[in-house]
Amino acid sequence: MWPMMGTEAGLAAPADEAGRLSALRARLAAPMPDDRPWGWLGPLLVTAFGAWLRCYRLAVPRAFVFDETYYAKDAWSILQHGVEWNYVSSSANPNLANDLILQGHTTGLWAACSGSSCGEYVVQPEVGKELIAVGEWLFGLNSLGWRFSSAVFGSLAILLMCRIARRMTRSTLLGCVAGLLMALDGLEFVLSRTGILDIFLMFFILAAFGCLLIDRDKSRAALAEGVARRAGGDTGPRLGLRKWQLACGVLLGLAVGTKWIAGWYIIAFAMLFIGWEIGARRAAGLPSFVRGALREAIWLPLTFIVIPLVVYVATWSNWLLTSTGYDRDYGKTHGVTTPVISALYSLYEYHREAIGFGLGLSTPHPYQSQPWDWLLITRPVAFFYQSYRGPVAGPQYYCPSGGCTGASWSQEVLAIGTPLIWWSAILALLFCLGWWLLHRDWRAGAVLLGVIAGWGPWWPLVTRTKFYYYALEFEPFLILSIVLCLGLILGPATASVRRRSIGAGIVGAYVLATLIMFWYFYPIIAAKVITYPDWLSHMWYRIGKGWI
């Protein structure tokens, strides 16, 4: 892994422009690995492995898994009506729509209605459901259809992780290790095979971070050229509006359009941009490095506020352009009749109501947990569980409500991360904190900020119902913290053969142990039918409710 970049101008500046440019590039922009085609081939091979894991038996179990009961039907409704409609139910059978769908019906699923009374009150934005709808459009209203898009985005996240870690560490090997750890993490695996929103949220956040990372490299290279020409005086050259910063803003808008909690990453990434800009101009030896950096931040209101907001509102186009969405006529019925203003006012009121509901949600749930439980994995979430009288899944083999009297078999989808990854991430984060405090390493700081932005907002919401799988949004930064530590263990490319061999052995042992642990937990995260004693042996933590 390439060494920490300097933050001081320390060396005397060469007199000629070419010499200055060479010195500045050495300080500001470490070269990427020159290992084509492995820079792409390695990550693609890792991604292919992760995609195979996620797509194999993707339709199993052929049932609604956890919150698929909401999002699969909402996505189908968006396909049919443009917005979410209320689905049919009865007092005798509240799950009537689910039963009809599992029997193969695709019509007769929605309650009789007219106008805006058809609209279902939903409390999540549209992007994730629209992506789920793509899978249903391709494969139909079935378990494969509503999980397909999750598998695609979960697999693409592995590719992103490989390339992002490679750019951060300047090592293709470490990039592939990062992607492999993501491929072998149980939580990312489960949510890549479940038709709910969190995998899309994580993907867009990770992609936005990747764009910010590319912008960092590109802007530092441009800064080196400008400073070498002595452009801009004490503050340095103006770099203007940057395309990768624009792309970051678009992706952040899509992240917020998946779940509102992503809004914290807009603040975090803006802070990261300013911090990186100050560090770059300081390293370039500019006397007014803070003023120069703040001058570059003039574009942040556009890229990190206006563009995400425009993208976010655009994701509600289906609601705005139809007339049957929930609260769609709120403006008109409250005296606001100007066409566009009325629709936007209705959308505002809808958000005010839905966000208030989300913040105040405190309905007890048997699998709820607090954020301080998440890294320890003390309460994973059982997305699906069924007991059988025989080793074959199917309603005819269900155990009676009182339980099987003889031998029984279990089938579960447990949303649980691979423990070795999550538990070692605790140590890695503590090390990164010390690394950043002592050396101000930008990579350690970026990883820590990424975790704080996803994890921190949940801590004050003590009474709010929360689940462990919410941690997926910052899981990539946990993996990056581990990979940064593995890079230090591996040692620099210039180290002795003995030093590199010992480091490679430790890193290889860690990856192998992760692979074995993933294989061990595979039956309970992939809905394999196993004997009850075998299932129970996987429940390592049984204090309180534990993993059961």
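Visitor: Which residues does P308 touch, not counting residues up to four places away in sequence?
Guide: This is a predicted model. P308 lies in helix 13. With residues up to four places away in sequence left out, the residues that P308 touches are G249, G253, I266, L302 and T303.

Visitor: Does P308 count as buried or exposed?
Guide: The cut-off for buried is under 20% relative accessible area. P308 has 5% relative accessibility, so the residue counts as buried.

Visitor: What covers the buried residues of helix 10?
Guide: The buried residues of helix 10 include G249 and G253, and P308 touches G249 and G253. P308 lies in helix 13. The cover of the buried residues of helix 10 includes helix 9, helix 11 (263-283) and helix 13 (300-314).

Visitor: What distance separates the end C-alpha atoms of helix 10?
Guide: Helix 10 (residues 243-256) has 14 residues, and the expected span is 1.5 Å times one less than that number. The expected span is therefore 20 Å. The end C-alpha atoms agree with this, being apart by 20 Å.

Visitor: Which helix gives the largest share of the lining of the largest pocket?
Guide: The largest pocket has a volume of about 1200 Å³. Of its 38 lining residues, the closest to the centre are V123, Q124, L361, R464 and Y470. Two or more lining residues come from each of helix 3 (68-81), helix 9 (198-228) and helix 16 (339-360). The largest share, 5 residues, comes from helix 16.

Visitor: How many residues of that lining are charged?
Guide: The lining of the largest pocket has 24 nonpolar and 6 polar residues. Its charged residues number 8.

Technical notes. Residues numbered from 1 in each chain as written. Predicted model: local features only at pLDDT ≥ 70, side-chain atom pairs only at ≥ 80, totals over all residues. Heavy atoms only, no water. 1 Å grid on protein atoms, 1.4 Å probe; cavity = no way out; pocket = protein on both sides within 12 Å on 5 of 7 lines; lining within 4 Å. Points joined across faces, edges and corners; volume = space filled by probe spheres on them. Helix = DSSP H or I, 4+ residues; strand = E, 2+ residues; numbered from the N terminus. Nonpolar A, V, L, I, M, F, W, Y, C, P; charged D, E, K, R; others polar. Buried < 20%, exposed > 50% of the residue type's maximum accessible area, 1.4 Å probe, protein only. Contact = heavy atoms within 4.5 Å.
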